[in-house]
Amino acid sequence: MNLPEAPQPRATPAPPKALHGLADTRGRDLRDLRISVTDRCNFRCTYCMPKEVFGKDFQFLERTQLLSFGEIHRMVRLFRDHGVEKIRITGGEPLVRRKLERLIEMLAYWDDLDLTLTTNGSLLKDKARDLRSAGLKRITVSLDSLDDEVFRAMNDVDFPVHKVLEGIDAAAAAGLTPVKINMVVKRGVNDHDVVRMARHFKGQGHILRFIEFMDVGATNGWKMEHVVPSRELVQAIDRKLPIEPVEPNYTGEVAERWRYKDGSGEIGFISSVTQAFCRTCTRARLSAEGQLYTCLFATQGTDFRSLIRGGAGDAEISELIARVWTRRADRYSEIRTAETAKLRKVEMSYIGG
Ligand code: SAM
């Protein structure tokens, strides 16, 4: 593409200070916890849970293997003691976990906790109000295209766009705002739909975020040539709908923020591949069966379920959290190569997006 110069992005913020005394080996604080509540999903997005791998014979976790809501609640309490301020419930598809509202209610007990959830939106129309009543504050909905044919092919279960749009409307009506919308952009698949997506959501109060296709897991056939660098998207959007950069809300914010110059809202770019943000990464991830991971691209986690079910006290669990975090040295996206992309990394559907 031959495009005009786009505005410059904001400068990379300085590494975060250790606010709560639990810094990793690179001085990064533990501030966010993503919790996968299930490894199951009702979509088979080709870039995440390809049918050839996650087919009928795939062995998902048994119910008894999943952390119970009580166990998750306890982990959150202990993580809070270490300074965690933000929880994102994810999966798999979190809304397929039965009675999820109950967990939200339990976590919403801490009203200073920034509690949010990421969903594919397929079940959202019916659940938005209950989630809000249970205490969920905001929501992120994944939607990769407005082109029905493209979207059905990407989710690979023939799920139509209009039902996700209904879910987004229901979330906004329920007050789960601002609704964030995640679009993973894959070259040659849905990149033609980027400006249309921007135009569609502009002025609605939602925040559309474009995510570079990542080499998570080991099954999505990732190649660098499938990645559309965010810089390219910024230029393509700016040409049609002029935008300018915005200061980050806080150090370590994943999405680079931009806004429309006409004041009609904000969009974001998540550029894990072309502009690694490891330096400011304050996220830990707890899998549905209680394995703790300190990087989305990890190959190994630390088992907390055995500890919990073996009768460990709070002090022991808390001490292990501290040990895992203070030893953390991950910076996968900074050292990614075609070779590292082939590592047997944990699947995103398991660890949580
Ligand atoms: N099922 C929920 C959903 O669809 O949002 C939550 C889990 S999903 C793994 C979380 C997010 O990860 C989604 O926005 C999804 O598009 C994104 N994702 C999955 N695989 C990805 C990849 N290879 N590169 C970039 N984003 C990916």
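This is a short walk through one predicted model, from the overall fold down to a few single residues.

Hi everyone, thanks for coming. Let me begin with the chain as a whole. Its secondary structure comes to 10 helices and 12 strands. For 353 residues, a compact globule would have a radius of gyration near 20 Å, and the chain comes out at 19 Å, so the two agree. The C-alpha trace spans about 60 × 40 × 40 Å along its principal axes. Of the 353 residues, 58% count as buried. As for contacts with a separation of 6 or more, 74% of them are between residues 24 or more positions apart.

Now to the sheet. In what order do the strands lie? There are 12 of them in an open sheet, and the order is 7-8-9-6-5-4-3-2-1-10-11-12, with mixed pairing. Strand 7, residues 243-245, and strand 12, residues 302-303, are the edges, each pairing on one side only. If you look at strand 10, residues 283-286, you will see two bridges to strand 11, residues 291-293, and these strands run antiparallel. Leu286 has Leu292 of strand 11 as its bridge partner.

Two helices that pack on this sheet deserve a look. Helix 2, residues 100-107, touches strand 2 (86-90) and strand 3 (114-119), and its direction makes about 175° with that of strand 2. Helix 7, residues 230-240, also packs on the sheet, where it touches strands 5, 6, 7, 8 and 9. The angle between the direction of helix 7 and that of strand 9 (266-270) is about 155°.

Let me stop at strand 1, residues 32-36, where five of five residues are buried. As a reminder, side chains in a regular strand alternate between the two faces of the sheet. Here Asp32, Arg34 and Ser36 point one way, Leu33 and Ile35 point the other way, and all are buried. Strand 1 pairs with strand 2 in the parallel sense, over five bridges. One partner to look for is Thr90 in strand 2, bridged to Ser36.

On to the core. Nonpolar side chains in soluble globular proteins tend to be buried together. In this model the largest nonpolar core has 114 residues, and those touching the most other members are Ile87, Ile89, Ile139, Leu143, Phe210 and Ile237. Which helix gives this core its largest share? That is helix 5, residues 161-174, with seven residues. Let me zoom in on Ile237. Setting aside neighbours within four places in sequence, Ile237 is in contact with Val194, Val195, Ala198, Phe210, Pro242, Ile243, Tyr260, Ile267 and Phe269.

Someone usually asks about cysteines. How many disulfides does a search of the whole structure find? Zero. For Cys48, the closest cysteine sulfur is in Cys45, at 6.3 Å, which is too far for a bond. Cys278 gives a similar story: the closest cysteine sulfur is in Cys295, 6.5 Å away and again too far for a bond. Cys278 is buried, with a relative accessible area of 10%.

Next, two residues to click on. Val324 lies in helix 9, residues 314-326. Is Val324 buried or exposed? Val324 counts as buried because its relative accessible area, 15%, is under the 20% cut-off. Leaving aside neighbours within four places in sequence, Val324 is in contact with Leu292, Thr294 and Thr302. Met224 sits in the loop between strand 6 and helix 7 and is partly exposed, at 44% relative accessible area. Met224 touches Val273 and Thr274, not counting residues up to four places away in sequence. The C-alpha atoms of Met224 and Thr337 are separated by 9.2 Å, with those positions 113 residues apart along the chain.

Last, some backbone details. The peptide bond from Thr177 to Pro178 is cis, with omega near -5°; Pro178 is in the loop between helix 5 and strand 5. In the loop between helix 4 (148-155) and helix 5 you will find Asp156, a residue other than glycine with a positive phi, near 60°. Asp158 is found in the loop between helix 4 and helix 5 as well, and has a positive phi of about 65° although it is not a glycine. Asp156 is partly exposed, at 24% relative accessible area, and Asp158 is partly exposed too, at 49%.

That is my tour; thanks for listening.

Terms used:
Residues are numbered from 1 along each chain as its sequence is written. This is a predicted model: local features need pLDDT of at least 70, side-chain atom pairs count only at pLDDT 80 or more; totals for chains, interfaces and linings use all residues. Side-chain values use heavy atoms; hydrogens and water are left out. Two strands pair if DSSP finds at least two bridges between them. Helices (H or I, at least four residues) and strands (E, at least two) are DSSP runs, numbered from the N terminus. Contact means heavy atoms within 4.5 Å. Axes are lines fitted to C-alpha atoms, for helices over the stretch in contact, and angles run from 0 to 180 degrees between N-to-C directions. A nonpolar core is a set of buried Ala, Val, Leu, Ile, Met, Phe, Trp, Tyr and Cys residues joined through side-chain atoms within 4.5 Å. Buried means under 20% relative accessible area, exposed over 50%, partly exposed in between (1.4 Å probe, protein chains only). A disulfide is a pair of cysteine sulfur atoms within 2.5 Å. The radius of gyration is taken over C-alpha atoms; the globule rule is 2.2 Å times the number of residues to the power 0.38.
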